[in-house]
Amino acid sequence: MRTDSSPGTLPAREHLPAGDAGTPVLDVVIPVFNEEKDLQPCVLRLHEHLERTFPYAFRITIADNASTDTTPLVSRRLEAEIPEVKAFRLEEKGRGRALRTVWSASDAPILAYMDVDLSTDLNALLPLVAPLISGHSDLAIGSRLARSSRVVRGPKREFISRAYNLILRGSLQARFSDAQCGFKAIRRDVAQVLLPLVEDTGWFFDTEMLVIAERAGLRIHEVPVDWVDDPDSTVHIVKTATEDLKGVWRVGKALASGSLPLDRITRPFGDDPRDREIQDVPKGLARQLVGFCVVGGLSTLFYLLLYSGFRQFGGSQIANALALLVSAVANTAANRRLTFGVRGRGGAVRHQAQGLVVFGIGLALTSGSLAALNAASSDPAHSTELAVLIAANLAATVLRFLLFRAWVFPDRGDDQPRSTVVAHTPSAPAHPVQQPYAPLPQRPTAHQYATTPYATTPYTPPSPYDTTEFRAGEAAEQRSRQDATVRLQPVRPTDTDPRNS
């Protein structure tokens, strides 16, 4: 399989570099509220699975959001007994608030979360985070609604889940299949830019994050999961569904009004076509096609009016020639200014002369069509003549655009060098660019974990849907997150293969 950079390839984030460091690669967050019975079995089972199957260092973070039972005591006991477990306490409820706070404070390059009931089979965890480690995807979600998923749950929850995702597809044009499966992961550099735009602090947090990410062009990887419903779940279905519908309305309104600054995500991560040029793709082609079609439509109407007028005083061939000549001059002048953006009088005579050559080709097509019609019928109806001329003009229009673009008004931007892929990055950054994450570490010892500090600074979100404009890379500087903007470089085998060093 070809992995080197070639003309026309798009920029890609690199695979997390391998190396020795004290920072865990994966931070799995378990948000809990009054889960004193299920917390310890969940953490022990998850820890055993990660220690046995996950090839890199990891951390399990218990995000206790305002529990009133003995959950905080259980969390602290697990933290004391297991070096890879950390406890985090919030004094306010809300799963979304807990995830945003812990993810924002974490130093791991890959952030994940799962529900405390472990309804999702843990064998899907490594496939979930692997595309994020490789740099292939930005977010990853478990899907209970994929065709190859195996799900055991009651008809009531099945209906609610499918109805909710149907609402998302119809109202927010969401393309992901399962918004609320409690099994997701995200790259930390992406989370640093994406999370400030997510307003919800409850169960709608997942949906809002995915919708914004998808609209910004980020890549979402879906993993089919094996999932068994927890019959003792404490989720209030009616209340949660009501809050979700309110969130759908709020996000839909924000997207429709354009108040979500999606450029803050799109531009730093290189998925905006405005920030790159791809070789052999003509610049401005879409705009020129639209302008040419508009001018062509108006010119066709003008031509038909002229032909109908000239036809009253002469034969069809003379009327066609005169109408085509006048409309061709007007068409060339309009395309010169409106479609191809040529200003001033310089070259106007040459352009009109070349336009007349194009006119001659169109005249040959239309005159030949009329000659064929007159040969087939000695006295064709006026409506038949118009229909034949419209068909001939459609063929001439395609050829006219190609000749205008390649010969009459060629692209004058040859003085600007073209490159295979150009990422929009500042030429002289004001601050040193930091690596977005540490190299992939090996699993540290208990002593290393005990001496490695863990950032627990509470996260203070900005005002929702801040509409301040940012250029590429400025979002990280404005919010003191110098690691939010990723260097976009084509991936080559020599970048990751130690044998080539």
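1. Phe-302, in this predicted model, is partly exposed, because its relative accessible area is 35%, and partly exposed covers values between under 20% for buried and over 50% for exposed. This residue sits in helix α10, which runs over residues 285-311.

2. Phe-302 also belongs to a nonpolar surface patch of about 360 Å², which it makes together with Leu-325, Val-326, Val-329 and Leu-356. The element that gives the most to this nonpolar patch is helix α11 (residues 316-339), from which three residues come.

3. Turning to the sheet, a reader new to the structure may follow its seven strands in the order β3-β2-β1-β4-β7-β5-β8, an open arrangement in which the pairing is mixed. The edges are formed by β3 (85-90) and β8 (220-224), each of which pairs on one side only, and from one strand to the next the twist averages 20 degrees.

4. Within that order, strand β4 (residues 110-114) is paired with strand β7 (residues 183-187) over five bridges, and the sense of this pairing is antiparallel. One position can be located precisely, since the bridge partner of Ile-110 in β7 is Arg-187.

5. Two helices that pack on the sheet deserve a look alongside these strands. Helix α1 (residues 39-53) touches β1 (26-32), β2 (58-65), β3 and β4, and its direction makes about 160 degrees with that of β2. Helix α2 (residues 71-81) touches β1, β2 and β3, while its direction makes about 150 degrees with that of β3.

Conventions: Residues are numbered from 1 along each chain as its sequence is written. This is a predicted model: local features need pLDDT of at least 70, side-chain atom pairs count only at pLDDT 80 or more; totals for chains, interfaces and linings use all residues. Side-chain values use heavy atoms; hydrogens and water are left out. Two strands pair if DSSP finds at least two bridges between them. Helices (H or I, at least four residues) and strands (E, at least two) are DSSP runs, numbered from the N terminus. Axes are lines fitted to C-alpha atoms, for helices over the stretch in contact, and angles run from 0 to 180 degrees between N-to-C directions. Contact means heavy atoms within 4.5 Å. Patches are made of residues with over 30% relative accessible area and no salt bridge: like charges are joined within 9 Å, nonpolar side chains (Val, Leu, Ile, Met, Phe, Trp, Tyr) within 5 Å. Accessible areas come from the Shrake-Rupley method with a 1.4 Å probe; for residues, only the protein chains shown count as cover. A salt bridge is a side-chain nitrogen of Lys or Arg within 4 Å of a carboxyl oxygen of Asp or Glu. Buried means under 20% relative accessible area, exposed over 50%, partly exposed in between (1.4 Å probe, protein chains only).
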